[in-house]
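Biologist: I have a two-chain model open on my screen and I'd like to talk it through with you. Can you take my questions as they come?

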Amino acid sequence: MKAEIRVALVGNPNTGKSTLFNLLTGLNQKIGNFPGVTVDKKTGYCNLPDNRRAQIIDLPGTYSLYPKSRDESIVFSVLADRDSELNPDLIVVILDASNLKRNLLLYTQVADLKIPVIVALNMMDVANKEGITIDVNGLSKKLGVPVMPISARRNEGIDELKKQISYANQFALQQDTIDIKALAPQLIDSIGEEMQVDNPYYALQLAHQHETLKFLSPDESSRIEELELQHSFHSQKAQATETIARYNYINDLLYDTVTKKATAHEENTSNRIDKVLTHRVFGFVIFFAILLFMFQAIFSWSEYPMALIEQLFIWAQEGVHKLLPAGPLTDLLADGVIAGLSGVLVFIPQIAILFAFISILEDTGYMARVTFMMDKIMRKVGLNGKSVVPLIGGFACAVPSIMSTRTIENWKDRMITIMVTPLITCSARLPVYTLLIALVVPNRNVWWVFNLQGLALTAMYLLSLVSAIVVAWVMKHILKARERGYFIMELPVYRMPRWNNVLLTMFDRAKTFVLEAGKVIIAVSVILWVLASYGPGDRFNQIEKKYNQPQYGQKMKPSEIEHAIASEKLESSYAGYLGHAIEPAIRPLGFDWKIGIALVTSFAAREVFVGTMATIYSVDGNADEIQTVKEKMGNARNANTGQPAFTLAVALSLMMFYAFAMQCASTVAVVYRETKDWRWPFVQFVYMTVLAYLASFITYQLLK
Amino acid sequence: MKKLSQLEIGKKAIIKEFTDLEMSVKLMEMGCLPGEEIRVERVAPLGDPIAVNVSGYMLSLRKQEASTIILQ
């Protein structure tokens, strides 16, 4: 799709920017990455009234062009990189009418880059309610650009905005805001000459940000650095002077265009809600009640769709076996690819529900209050109030949660959050836990109300939280801070969630999960299938021959022979050799070679465990798989001791291993993507595996 | 010399200056400017951070950051 005009949306967080983006583009949008960095890039297309097509780019919300976090650093680099395919022809700056003063700071910075600008004035209704009157025409005249009042929430004024976009001139019409050259007179001229730029603010921004701008060559960057030294440029002082000058300009601007009814300080709705939701006692009670409800919902609401997805794949598997001629390729497709795919897709309901909740909590403004309430505790253990969001998300899946740490400005806080998030009990551990708990923990009630199995599961969830907190606390003392930690955050007014946004987030996140985790899980399923289906030398043929002898046919039923063949084949397959090879190392944990195979394959993804157990204990038919696996595992004997393979000690030890070990290739990959340094995923992998081994060892040795 | 971190809940004051350049840049971008009226709305349940009303909206910041803001 080719677009005739490229439009970037710029604005503060919580101004309704993404709602406007969704309105302009509809479902016609896609999410990718900005080149070189992993910040979500949302682009879409919009048909203009004059039948032209506009490409709309939604840039991350920011309070200023001077970035505080990785997300925010994208904004200036997209606006500044004139060779980039995303460099806009027109910028739509979206302003919150009820909070114009602070919002206009970003506008004045953007306007000074002298790219054509239109202002979309959102939330006029809120402003009116608060007694604020805005002279839109007067403001437009003073700024020199069109100012369009809209209500993104109520879908008002969008057509006029589109019309205005289609009228857009290729020349910037905005008035100058402040005297930029006065901020660093000689430096701006020298950089202008050196870099061939005629816009003084662009030159000044290069001086401030050259170290982090990807489109500058190292040579260009060092020349700018030299010029800064030559003119003794002090970045922070210049920024402070600039910000004060801009607010002076804004005060002049608003002096005769905005009037606010002088009312006595009256309690607004948000304040009243806050009194309850951030209350000393009720605040925490409500927060934990919401969490409890969320987890209940994640598990109970997803039960039916998950069963449906599983059933669908069982049909597909059976269908492939029936329709295609028997042979290794059919087996690979049915038992490798389709089984692997089902392992991924079955998590979609849980992920979608979790992200629906998270986006509702964020949309309403409640998440900011959670951050506000939790900051002090989180800081004690080396985290940040903002770490709460990824940690809660970790209960579903570490992959998107680690991506959501980008909003944490402080490097050290962000790293620690990334390092401990995979310890949180994610949904992939759930099938492992439920299987093992059902196997060894009796299904009865204690104190009438508490189910023992449920308590065991709750204990595993609590353990994960405690371990994350302890590890974070340890890392706080190991990692050196790169910059001072701080916490300056807007508490947005409470709003009703926008259901369109919630649905879109659900859809986006589920898609990301399927694409990111799906690739790995399918690859692993295929590899596992190959390793378990083939073995070195001629052993497989010999096993077949052995069981073809008549004495077996008399003693055993055909189905029993099939099982015997399958399990002997497994033992002499590559996977079997692998299991035997690591057996000495895992024997102190109570595991035999069969569990060893499951451990190794689970390093790709934890949920592979159940499938591997199913393969290893040769279950025929897939219907009600977990039940059957459970029975088989209950009957299984340890080859070394002759005892039942899954005693309480073994099962608990195994659960400990799954609680701590970094058994998720997707997480390793996403940690690398987010940190751009292989040492982080490496350290994480090592510390988690060591913890897993120790926890398992202690559990088994104490209980055996 | 009164700091924002010493201001009681519900009280308002005018910002005079900052003691820390690095923090002042961040705070001023968020609307905490010399001459601006600031009002402490509430304190988090555990005593830190605090929430203030400034430039027409609600901002939360830690007491440590608040202690770099000097009031008139």
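What follows is a chat about a predicted model.

Biologist: Let's start with the sheet that mixes both chains. Which strands sit at its edges?

Modeller: It's an open sheet of seven strands, paired antiparallel, in the order E12(A)-E5(B)-E4(B)-E3(B)-E2(B)-E6(B)-E1(B). An edge strand pairs on one side only, and that picks out one strand from each chain. They are E12 (488-490) of chain A and E1 (2-3) of chain B.

Biologist: So how is the chain A strand attached? Which residue is the bridge partner of A:Glu490?

Modeller: E12(A) pairs with E5 (residues 57-61) of chain B, in the antiparallel sense and over three bridges. Look in E5(B) for the partner of A:Glu490, and you land on B:Leu59.

Biologist: And on the other side of that strand, which residue of E5(B) is the bridge partner of B:Asn53?

Modeller: Here the neighbour is E4 (residues 50-54) of chain B, joined to E5(B) by five antiparallel bridges. One of the bridged pairs puts B:Val52 with B:Leu59. For B:Asn53, the partner in E5(B) is B:Met58.

Biologist: Which residue in the turn between those two strands has a positive phi?

Modeller: E4(B) and E5(B) make a hairpin with two residues between them. The positive phi, about 50 degrees, belongs to a residue in that turn, B:Ser55.

Biologist: Is E5(B) buried or exposed, and how many of its residues count?

Modeller: Take the faces one at a time: B:Tyr57, B:Leu59 and B:Leu61 are buried on one side, and B:Met58 and B:Ser60 are buried on the other. Its neighbour E4(B) is mostly covered too, with four of its five residues buried. E5(B) is largely enclosed by the rest of the structure, because its buried residues number five of the five.

Biologist: Moving one strand further along, what stands opposite B:Ile38?

Modeller: Strand E3 (residues 37-43) of chain B runs antiparallel to E4(B), with five bridges joining them. Their hairpin has six residues between the strands, and B:Gly47 takes a positive phi near 95 degrees there. Opposite B:Ile38, in E4(B), is B:Val54.

Biologist: There's a helix over this sheet. At about what angle does it run to E2(B)?

Modeller: That's H1 (residues 21-29) of chain B, and it lies across E12 of chain A together with E2 (12-18) and E6 (69-71) of chain B. Just after the helix, B:Gly31 takes a positive phi of about 95 degrees. The angle of H1(B) to E2(B) is about 135 degrees.

Biologist: How many residues of H1(B) are buried?

Modeller: The buried ones run through B:Met23, B:Ser24, B:Val25, B:Lys26, B:Leu27, B:Met28 and B:Glu29. They pack against both chains: H3, H10 and E12 of chain A, and E2, H2 (63-66) and E6 of chain B. So H1(B) is largely enclosed by the rest of the structure, with a buried count of seven of the nine.

Biologist: Now the whole interface. Which element gives the largest share of chain A's side?

Modeller: In total, 30 residues of chain A are in contact with 29 residues of chain B. Elements giving two or more residues to chain A's side are H3 (100-111), H10 (235-255), H12 (282-323), H15 (366-380) and E12 of chain A. That side divides into 14 nonpolar, seven polar and nine charged residues. The largest share, seven residues, comes from H10(A).

Biologist: Away from the interface, how do H7(A) and H8(A) lie to each other?

Modeller: The axes of H7 (residues 185-195) and H8 (residues 200-209) of chain A come within 9 Å and cross at roughly 95 degrees. Their contact has nine nonpolar residues, one polar and no charged, with A:Ile188 of H7(A) and A:Leu204 of H8(A) among them. The crossing angle therefore makes H7(A) and H8(A) roughly perpendicular.

Biologist: Last one: which helix gives the largest share of the largest nonpolar core?

Modeller: That core has 200 residues, and A:Leu9, A:Val93 and A:Phe660 are among those with the most contacts inside it. A:Leu9, for instance, touches residues including A:Leu20, A:Phe21 and A:Ile56. The largest share is ten residues, and it comes from helix H29 (residues 648-660) of chain A.

Terms used
Residues are numbered from 1 along each chain as its sequence is written. Chains are lettered from A and ligands numbered from 1 in the order in which they are written. This is a predicted model: local features need pLDDT of at least 70, side-chain atom pairs count only at pLDDT 80 or more; totals for chains, interfaces and linings use all residues. Two strands pair if DSSP finds at least two bridges between them. Two residues are in contact if their C-beta atoms, placed from the backbone, lie within 7 Å. Axes are lines fitted to C-alpha atoms, for helices over the stretch in contact, and angles run from 0 to 180 degrees between N-to-C directions. A nonpolar core is a set of buried Ala, Val, Leu, Ile, Met, Phe, Trp, Tyr and Cys residues joined through C-beta atoms within 7 Å. A residue is buried if 20 or more other C-beta atoms lie within 10 Å of its own, exposed if 12 or fewer, and partly exposed in between; C-beta atoms are placed from the backbone. Ala, Val, Leu, Ile, Met, Phe, Trp, Tyr, Cys and Pro count as nonpolar, Asp, Glu, Lys and Arg as charged, and the others, Gly among them, as polar. Angles under 35 degrees count as roughly parallel, over 145 as roughly antiparallel, 65 to 115 as roughly perpendicular and the rest as oblique. Lists of a residue's contacts leave out its neighbours within four places in sequence.
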